[in-house]
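Me: I want to go through this model by question and answer. Keep it brisk, please.

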Amino acid sequence: MPVVFCFYETGNRRAPQGQPAARGRSNIRLSGGKQSGGARAQLAWQKHLLLCERGICDAGQKQISGRGAYFPRVHAGCGKLGGCQLGPVHLVAPVPVLRAAQAYLLGSIDTGILVSKCLYHDDVRNYGSGAAGMTNMLRTFGKKAAALTAAGDVLKGVAAVCIGRWLFGFLPADAAVSPYLGVYMTAILAVIGHSKPIYFGFKGGKGVLVAGGAILAIQPILLPFLTAVFLLCLIPTGMVSLGSITMAAAYPVLTLIYGLLKGFAAGDLAICVVGALIMGGMVIYMHRANIQRIRAGKEYRFGQKHKKN
């Protein structure tokens, strides 16, 4: 689905009443190219001017795509001779690619690895479970390191969704796309980036706090319920991993209940539930080694000390 970037001049100008629209080109400069309008843009402009002079405006919202730094300005629909108003130029670019790239690259900024290397001159992945998450940071480097890691992971989950939502706003007004599709796509890719960071050899954390930050940006009302589920598992067992797994499993169910209570449209509800299933499934998958240790009775319990690998 394309995005439309609009560029405006300070004020619009009309041709005098009863006179044909001006034939001259009104150019604007776009970054990253040479000074050339391109043959396709020139033809579109000339054709539009000819139609307008005949009293037939063919552009309610004219879109000109192509490469180059200069594109001619096009008219925004007037429908009659002499009344064609100069409007914005639209540069068509792929929004999904931008959304996906920013989410994955932002998610790849692994806070736990950065904190352990910058503050402690070591790599947290050499210790404990080998993951770069808050729990491993806590038992390896202490509360300060864990707090910094948690804050960074949650914030990047929030930021990825907010940037994705902002980019979604550049889609054409008539684009029949659910806004939830964009935010869940960015949330999922942020979790993937955290788990498989391109900057750190594709070995990161398990994505629980990044997913939590994304949920905070998408549906913050669900966080208290998810936190309650997490604590109900953590307090009696002392196993953070069990709480995380149970919380991930509960997320799609809570999303479905919330969507039904709020009266979401069928399409939006389906996207939310599928997105929640994917996010929850990824978190559970990243805990597969923990599941094996839980079944064997060897899983780490909160407060235990861990030896270096």
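Reply: One definition to start: contact means heavy atoms within 4.5 Å. This is a predicted model.

Me: Which residues does Lys156 touch, not counting residues up to four places away in sequence?
Reply: Lys156 lies in helix 5. With heavy atoms within 4.5 Å as the test, and residues up to four places away not counted, Lys156 touches Leu106, Gly107, Ile109, Asp110, Thr111, His194 and Val210.

Me: Is Lys156 buried or exposed?
Reply: The cut-off for buried is under 20% relative accessible area. Lys156 has 6% relative accessibility, so Lys156 counts as buried.

Me: Which backbone oxygen does the side chain of Lys156 reach?
Reply: Gly107 is among the residues that Lys156 touches. The distance is 2.8 Å, and the backbone oxygen belongs to Gly107.

Me: Which residue caps the N-terminal end of helix 3?
Reply: Helix 3 covers residues 111-120. A side-chain oxygen lies 3.3 Å from the backbone nitrogen of Gly112. The capping residue that supplies this oxygen is Asp110.

Me: What covers the buried residues of helix 3?
Reply: The buried residues of helix 3 are Thr111, Gly112, Ile113, Val115 and Ser116. Their cover includes helix 4 and helix 5.

Me: What phi does His121 take?
Reply: His121 comes just after helix 3. Its phi is positive, at about 55°.

Me: Is Val124 buried or exposed?
Reply: Val124 lies in the loop between helix 3 and helix 4. Buried means under 20% relative accessible area. Val124 has 0%, so Val124 is buried.

Me: Which residues is Val124 in contact with, leaving aside its neighbours within four places in sequence?
Reply: Two of the partners, Gly112 and Ser116, are also buried residues of helix 3. The full list is Gly112, Ser116, Ala131, Ala132, Asn136, Met137, Thr140 and Phe141.

Me: What separates the C-alpha atoms of Val124 and Gly204?
Reply: Along the chain, Val124 and Gly204 are 80 residues apart. In space, their C-alpha atoms are separated by 9.9 Å.

Me: Which helix gives the most to the largest nonpolar core?
Reply: The largest nonpolar core has 34 residues. Helix 5, helix 6, helix 7, helix 8, helix 9 and helix 10 each supply at least two of them. With seven residues, the one that gives the most is helix 10.

Me: Which residues touch the most other members of the largest nonpolar core?
Reply: Tyr251 is one of them. Not counting residues up to four places away in sequence, Tyr251 touches Tyr184, Ile215, Gln219, Leu222, Leu226, Ala276 and Met279. The full set is Val161, Tyr184, Leu222, Leu226, Tyr251 and Met279.

Me: What is the volume of the largest pocket?
Reply: The lining has 37 residues. By class, 18 are nonpolar, 14 polar and five charged. The volume is about 680 Å³.

Me: Which residues of the lining lie nearest the centre of the largest pocket?
Reply: Helix 4, helix 5, helix 7, helix 8, helix 9, helix 10 and helix 11 each supply at least two residues of the lining. Nearest the centre are Val208, Leu209, Val240, Ser244 and Met247.

Me: Where does the largest share of the lining of the second largest pocket come from?
Reply: The second largest pocket has a volume of about 240 Å³. Of the 15 residues that line it, the closest to its centre are Ser129, Ala131, Gly204, Lys206 and Met286. By class, the lining has four nonpolar, six polar and five charged residues. The largest share, four residues, comes from helix 11.

Me: Why does Ile284 count as partly exposed?
Reply: Ile284 lies in helix 10. Buried needs under 20% and exposed over 50%, with partly exposed in between. Ile284 is partly exposed because its relative accessible area is 27%.

Me: Which residues does Ile284 touch, not counting residues up to four places away in sequence?
Reply: The C-alpha atoms of Ile284 and Ser244 are separated by 8.0 Å. The residues that Ile284 touches are Ile245, Ala248, Ala249 and Ile291.

Notes: Residues are numbered from 1 along each chain as its sequence is written. This is a predicted model: local features need pLDDT of at least 70, side-chain atom pairs count only at pLDDT 80 or more; totals for chains, interfaces and linings use all residues. Side-chain values use heavy atoms; hydrogens and water are left out. On a 1 Å grid over the protein atoms alone, a cavity is a set of points where a 1.4 Å probe fits but cannot get out, and a pocket is an open set with protein on both sides within 12 Å along at least five of seven lines; lining residues have an atom within 4 Å of a point. Grid points are joined across faces, edges and corners, and a volume is the space filled by probe spheres set on the points. Ala, Val, Leu, Ile, Met, Phe, Trp, Tyr, Cys and Pro count as nonpolar, Asp, Glu, Lys and Arg as charged, and the others, Gly among them, as polar. Buried means under 20% relative accessible area, exposed over 50%, partly exposed in between (1.4 Å probe, protein chains only). A polar contact is a pair of N or O atoms within 3.5 Å; within protein, one must be able to donate a hydrogen and the other to accept it, and residues adjacent in sequence count only if both atoms are side-chain atoms. A nonpolar core is a set of buried Ala, Val, Leu, Ile, Met, Phe, Trp, Tyr and Cys residues joined through side-chain atoms within 4.5 Å.
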